[in-house]
Each structure stands twice: as structure tokens, then as C-alpha cells.
Amino acid sequence: MLRTVALISLVSFSGYGIAHNHQHDGHQHGAHQHAQHNSASLQVSNAKIRAFLPAAKSTAGYMTINNGTKESVTIVKAKIEGLGRVEIHEHIHSNGMMKMQPVKKLVVPANGQVEFKPGGYHLMGFEPKVKLKVGETRKLTLYFSNGEKIENEIKVVSLKDAFSSESHHHHH
């Protein structure tokens with residue numbers, strides 16, 4: 001069953017990456033509005049990573065993962081093309097302070113979603129092998145505890161656009 005779901009997910013993602021590159025005319029689009037998705041699959045939407053700031057040793061990435069399956073899935077690792085290391089992190093409140101810590105496993109609930117956003121879960125990218133350029137897309141690979149993986153595109157955005165949920169609607 002999980003292999004079938006993973007295969008459906010991979011087929012959906014290959015179509016999603018291609019379809020998501022088309023220009024949008026400022027309309028709202030959520031995970032449920034892309035016709036090529038199978039409703040019983042994992043879907044990544046609004047994947048973006050901030051270009052490195054000068055002298056910065058790390059950068060942050062955001063996305064939403066929708067799990068349309070009847071079973072929870074656990075993300076254990078992420079990779080982004082051209083980065084030496086990618087970690088999943090979360091912000092937590094501890095003793096009145098906000099701190100960031102790595103997450104070894106992240107469960108995406110059955111028929112649920114996890115949003116990677118500022119102040120919550122996010123990807124941290126380190127050790128760029130090739131400079132991230134605003135406007136380009138890179139391959140994002142998520143690895144799961146059951147041995148499966150999914151691939152999607154992640155868009156490189158500026159610092160200003162990284163915090164805007166509408167950044168994919170602005171065209172320059």
C-alpha cells in the first residue's frame with residue numbers, strides 16, 4: 001500500500017513541478033486546485049528558499065506538505081540541489097526565549113498538513129556548492145522513515161519575498 005502511494009506521489013510530483021513553472025495571473029491556487037494531483041498522495045506546495053545573504057553561513061526554506069493519505073508519514077531528511085547540508089528545524093519557546101533546534105523526525109498526520117514558515121518548522125540550508133540565485137528553481141528531495149522519497153522544485157527567493165506568502169504571485 002505505501003509503495004503504491006509513494007509511486008502515485010512521485011508521478012504527481014513530476015507533473016506538479018512542470019505545471020508549477022507556468023506563469024500565474026495573480027489568482028489564488030491551493031493544493032486542491034491543481035487537477036493533476038491524486039487526492040490520496042503527498043503534495044508539496046509553495047516551496048521556497050531564501051538566497052544566502054552576504055557572509056551568511058545558512059539560509060531558510062519554507063513550504064507546505066499536504067498528506068492526503070490515510071496514514072501518517074515521517075520526514076527524516078531533506079536535500080536541496082547545490083547545498084551541502086539541509087536540516088529540518090523548529091522554533092520553540094523555552095524559558096521565555098525563542099530558540100531554534102534541529103528536528104530529526106517530523107510527522108505529517110494522515111489527511112493533514114505541516115506548514116514550514118517563519119517562527120515554526122523550516123528548512124535550514126548550509127554549505128552552498130553553487131550560489132542560490134533569486135528566481136531560479138532547485139530540486140528538493142524529502143526522505144521518509146519508510147524508505148520512500150519525493151522530489152519537488154523549490155524556488156529561490158529574496159529575503160523580502162521569503163516572508164511573503166504571496167511571493168509566487170509577483171512577476172518581475
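Strands are taken as DSSP E runs of at least two residues and are numbered from the N terminus, and a residue is called buried under 20% relative accessible area, exposed over 50% and partly exposed in between, with a 1.4 Å probe and protein chains only. The model is predicted, so that local features need pLDDT of at least 70 and side-chain atom pairs count only at pLDDT 80 or more, whereas totals for chains, interfaces and linings use all residues. Residues are numbered from 1 along each chain as its sequence is written, and side-chain values use heavy atoms, with hydrogens and water left out.

Strand β7 (residues 112-116) presents G112, V114 and F116 on a covered face, and Q113 and E115 on an uncovered one. This strand pairs with β2 (residues 58-67) in the antiparallel sense over five bridges, pairing being assigned where DSSP finds at least two bridges between two strands; in β7, E115 is the bridge partner of T64.

The largest nonpolar core, a set of buried Ala, Val, Leu, Ile, Met, Phe, Trp, Tyr and Cys residues joined through side-chain atoms within 4.5 Å, comprises 28 residues, of which M63, L123, L140 and L142 touch the most other members. At least two residues of this core come from each of β1 (42-50), β2, β3 (73-80), β4, β6 (106-108), β7, β9 (137-144) and β10 (149-157). A second, separate core of six residues has A60, Y62, V157 and A162 among its members.

Within strand β4 (residues 83-94) lies H89, which counts as buried because its relative accessibility is 6%.

Methods. Helices (H or I, at least four residues) and strands (E, at least two) are DSSP runs, numbered from the N terminus.
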